[in-house]
Amino acid sequence: MPRVSLPLIYLKGQYCGKIKNAVELIMNSYAPAYINGLQVIPSDVPNFGDATLADPLTDISCSDMIFCTTVCYASMGMSKEKAEELCSFANYYMEEPSIISQLDYETCINDA
């Protein structure tokens with residue numbers, strides 16, 4: 001059976017689709033103030049909100065790379081290593097300061 005080569009634009013579309021899914025997951029997740037009963041974000045950090053040990057989520061979006069790669073693994077339901085990998089993958093545009101947004105997906109599509 002002959003091998004069928006997929007057009008590069010198709011492969012790029014699949015790749016960008018994976019970026020879109022990662023961006024959406026990250027943008028819909030919030031950093032936890034507490035992990036395993038330990039406070040991991042000081043309460044004076046902006047957007048800490050009303051986080052408590054019983055309700056640990058802050059108002060801090062995981063789209064901020066600082067939080068995405070350090071504490072958001074707990075709210076995204078994955079290991080630290082997987083969260084670091086996902087956040088780095090989603091940060092296609094690599095803007096400064098590093099914020100993961102829809103712009104990462106749009107930049108990927110425009111680069112196709």
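# Close-up views of the protein chain

**View 1. The side chains of S63 and S61 make a polar contact at 2.8 Å.** This view, like those that follow, is drawn from a predicted model. S63 is found in the loop that runs between strand β4 (57-61) and helix α2 (65-68). Because its relative accessibility is 11%, which falls under the 20% cut-off, S63 counts as buried. When neighbours within four places in sequence are left aside, the residues in contact with S63 are I26 and M27, together with S98, I99 and I100.

**View 2. The protein chain as a whole, shown for orientation, has 5 helices and 4 strands.** Followed along the sequence, these elements occur in the pattern α-β-β-β-β-α-α-α-α. The chain comprises 112 residues, of which 32% count as buried. Among the contacts with a separation of 6 or more, 56% are accounted for by residues 24 or more positions apart. The chain exposes about 7,200 Å², and carbon and sulfur atoms supply 56% of that area.

**View 3. The largest nonpolar core of the chain contains 28 residues.** Which of its residues touch the most other members? They are I26, A31, I41, F67, M76, C87 and I100. Two or more residues of this core come from each of the elements α1, β2 (34-35), α2, α3 (73-76), α4 and α5 (102-111), and α1 gives the most, with 5 residues. F67, one of the residues that touch the most other core members, has its own set of contacts: with residues up to four places away in sequence not counted, F67 touches A31, I41, V45, I60, S61 and C72. S61 thus appears both among the residues touched by F67 and as the partner of S63 in the polar contact of the opening view. I26 and I100, also listed among the residues that touch the most other core members, are in contact with S63.

**View 4. Helix α4 (residues 80-90) has the buried residues A83, L86, C87 and A90.** Seen down the helix axis, these buried residues fall within an arc of 95°, so they line one face of α4. On the other side of α4, E81 and E85 are exposed. C87, which belongs to the buried set of this helix, is also one of the residues that touch the most other members of the largest nonpolar core.

**View 5. The chain contains 1 aromatic pair.** The pair is formed by Y15 and F89, whose ring centres lie 5.3 Å apart and whose planes stand at 80°, so the arrangement is edge-to-face, angles over 60 degrees being assigned to that class. The pair links distant parts of the chain, since Y15 belongs to helix α1 (residues 8-27) and F89 to helix α4, with their positions 74 residues apart in the numbering. Neither ring-bearing residue counts as buried or exposed: Y15 is partly exposed, with a relative accessible area of 36%, and F89 is likewise partly exposed, at 28% relative accessibility.

**View 6. T107 in helix α5 has a side-chain polar atom 2.7 Å from the backbone oxygen of L103.** Is T107 buried or exposed? At 15% relative accessibility, T107 counts as buried. With residues up to four places away in sequence not counted, T107 touches Y92 and Y93.

**View 7. N36 and N47 have positive phi values although neither is a glycine.** N36, with a phi of about 55°, lies in the loop between β2 and β3 (38-39). N47, with a phi near 70°, lies in the loop between β3 and β4. N36 counts as exposed at 77% relative accessibility, and N47 is exposed too, with a relative accessible area of 52%, a value over the 50% cut-off for that class.

**View 8. P46 is found in the loop between β3 and β4.** P46 is exposed, with a relative accessible area of 65%. T58 is included in this view for reference: P46 and T58 are 12 residues apart in sequence, and their C-alpha atoms are 9.7 Å apart in space. The loop that holds P46 also holds N47, the residue of the preceding view.

Terms used. Residues are numbered from 1 along each chain as its sequence is written. Side-chain values use heavy atoms; hydrogens and water are left out. Buried means under 20% relative accessible area, exposed over 50%, partly exposed in between (1.4 Å probe, protein chains only). Contact means heavy atoms within 4.5 Å. Accessible areas come from the Shrake-Rupley method with a 1.4 Å probe; for residues, only the protein chains shown count as cover. The arc is that of the directions from the helix axis to the C-beta atoms. Rings of Phe, Tyr and Trp (its six-membered ring) pair if their centres lie within 6.5 Å; planes under 30 degrees apart count as stacked, over 60 as edge-to-face and the rest as tilted. A polar contact is a pair of N or O atoms within 3.5 Å; within protein, one must be able to donate a hydrogen and the other to accept it, and residues adjacent in sequence count only if both atoms are side-chain atoms. A nonpolar core is a set of buried Ala, Val, Leu, Ile, Met, Phe, Trp, Tyr and Cys residues joined through side-chain atoms within 4.5 Å.
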